[in-house]
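This report is meant for someone who is meeting the structure for the first time. It begins with the ligand and then moves on to the cores, a helix and a few single residues.

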Amino acid sequence: MQTIIITWGAGFIGSNFLSKYVLAFPEIQFVNIDMLTYAGNIEKIDLAARNAPNYHFEQVDIRDIDTLRTVYVKYSPTDIIHFAAESHVDNSIRNPRLFTEVNVLGTQNLLDLHREFGLKRFHYISTDEVYGDIPDSGYFTEDTHIEPSSPYSASKAGGDILVQAYGRTFGLDYTITRCSNNYGANQNNISLIPLFISKIQKGEKVPLYGDGSNIRDWLYVEDHCDVIWEVFTRANTGSIYNVGGNNEYTNLEITKILLQVMWKSEDLISFVPDRAWHDKRYAIDASKLKRELGWGPKVDFPEGIARTIWFYNQQ
Ligand SMILES: NC(=O)c1ccc[n+]([C@@H]2O[C@H](COP(=O)([O-])OP(=O)(O)OC[C@H]3O[C@@H](n4cnc5c(N)ncnc54)[C@H](O)[C@@H]3O)[C@@H](O)[C@H]2O)c1
C-alpha cells in the first residue's frame, strides 16, 4: 500500500497539497509530519481531508531523528514529499542557525531514514532563491549555478545538493522542484500578499521595502501543488525542474494591484528601509517542465489574486 510522508502539511503549501490529494487518492495513505510552530495550523487542511481514513498526523520536529524513526516504524512509508523548511527570509537573517538546523540537518535525518527503511521516491521542494539574484534580464535554468544570498536560500540549497549527493553516492531515487514565489489561501500573514491584504482590509499603511522595485515571479499555490504531484509521480529519477508562473511583478506593482482590487488609495503605501541584501529579481525559465512533462500553470494572476483576496476576506 503506498504510504507517503508529507513533511509540514500544516503549513501554507503543504496544507493546500493535502486538502486536494488526500481526497483525490483514497487508496494512498498520507502521513503528515509537522511540529506546529507559529506557521503551522492543522485547520489549514480541509476538514474532509483531515477526517479521511487515509490521512494521519504526527506532531514531530524533523530535527528529532529518534522520534521520526518511531513514525517510520509505525507507518512503513514507501515515499516522501519533503516540504519542510523554515521559510521566512527575515527570520533567517535574525536566526541563521535555526535555518541550517531545520533545513539541512532536518533533511539529512529524512535522507538517512529513507535509506534505513528502504523507501522509494524522495521528492524535495526547493526554491528559485537557490540561484541568487538575476538583476536585469535573463532567466534561471536548471543549469544556472547555485549562488544563494540569504541564510534561508543557503540552507535550502544545502538540502537541495545533499539530496543530489545521496542520489550519486547511495543511488537515492529523488526528484527536485525549484519554485518561484507562491500566493493563495493559507499563507502565513508575515508574507507580503496576505500581510498587505490584512492591512488594507483594516485601512492600515502597507510597509513596502526600499522603493518596491524588487521583482518576483508569482505562482498560484494550487498550481505548485499540482506540479509537485506530476513530478513526484511521473519524472525520471534524478530530475530537477524549475517551476514558475510567468508572472513577473515588482513588489510595488503587486501592492498597487491589491489596493486597486480592494478599492483603496495608494496613499496607504509607506516605503520602509530595505531588507539586508534584498535580492533584486528572481526569474525562472520553466520550459524544461513544459517540454518534458507538458506542464504549465492553469491559474492566471488576475484569477489567482481574486481568489486569494476572497479567501482572506472570509477569515
Ligand atoms: N512560500 C513560497 O512562496 C515558497 C516558494 C518556493 C518554495 N517554497 C518551499 O515550500 C516549502 C513550504 O513552504 P511554506 O511557505 O508552505 O512554509 P510555511 O512557513 O507556511 O510552513 C511551515 C510549516 O512547518 C512546520 N515546521 C516548522 N519547523 C518544523 C520542524 N522543525 N519540524 C516539523 N515541522 C516544522 C510549521 O509548523 C508549519 O506547519 C518550503 O520548503 C519552502 O522553502 C516556498
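A residue is called near a molecule or strand if one of its heavy atoms lies within 4 Å of it. Of the 29 residues around the ligand, those that come nearest are W8, D34, T37, F83 and Y152. The model is a predicted one, in which local features need pLDDT of at least 70 and side-chain atom pairs count only at pLDDT 80 or more, while totals for chains, interfaces and linings use all residues. Residues are numbered from 1 along each chain as its sequence is written, and side-chain values use heavy atoms, with hydrogens and water left out.

**Polar contacts of the ligand**

The table lists polar contacts, that is, pairs of N or O atoms within 3.5 Å; within protein, one atom must be able to donate a hydrogen and the other to accept it, and residues adjacent in sequence count only if both atoms are side-chain atoms.

| Ligand atom | Partner in the protein | Distance |
|---|---|---|
| oxygen | polar backbone atom of L36 | 3.1 Å |
| oxygen | polar backbone atom of F83 | 2.5 Å |
| oxygen | N or O atom in the side chain of S87 | 3.0 Å |

L36 lies in the loop between strand 2 and helix 2 (47-50), where helices (H or I, at least four residues) and strands (E, at least two) are DSSP runs numbered from the N terminus. Although L36 is not a glycine, its phi is positive, at about 55 degrees. Buried means under 20% relative accessible area, exposed over 50%, and partly exposed in between (1.4 Å probe, protein chains only). L36 counts as partly exposed because its relative accessibility is 29%.

N246, in the loop between strand 10 (239-243) and strand 11 (248-250), is also a residue other than glycine with a positive phi, near 50 degrees. N246 has a relative accessible area of 61% and is therefore exposed.

**Cores**

A nonpolar core is a set of buried Ala, Val, Leu, Ile, Met, Phe, Trp, Tyr and Cys residues joined through side-chain atoms within 4.5 Å. The largest such core has 25 residues, and F122 and V163 are those with the most contacts inside it. Strand 2 (29-33), helix 3 (65-75), helix 5 (96-116), strand 5 (121-127), helix 6 (151-170) and strand 6 (173-179) are the elements that give two or more residues to this core. A second, separate core has 23 residues, including I193, L259, L268 and I305.

If neighbours within four places in sequence are left aside, the residues in contact with F122 (heavy atoms within 4.5 Å) include I80, H82, L110, V163 and Y174.

**Helix 1**

Helix 1 (residues 12-24) reaches 19 Å from its first C-alpha to its last, close to the 18 Å expected for its 13 residues at 1.5 Å a residue; the expected span is 1.5 Å times one less than the number of residues. A kink of about 25 degrees is centred on L18, the bend at a residue being the angle between axes fitted to the seven residues ending there and the seven starting there. Helix 1 is mostly covered, with 10 of its 13 residues buried, among them F12, I13, L18 and V22.

**Two further residues**

H224 lies in helix 8 (residues 221-234) and is buried because its relative accessible area is 1%. Beyond its neighbours within four places in sequence, H224 is in contact with I13, I125, C179, N182 and L219.

K199, in helix 7 (residues 192-201), has a relative accessible area of 21% and is therefore partly exposed. With the neighbours within four places in sequence left aside, K199 is in contact with E204, K205, V206 and P207. K199 and F170 are 29 residues apart in sequence and, C-alpha to C-alpha, 49 Å apart in space.
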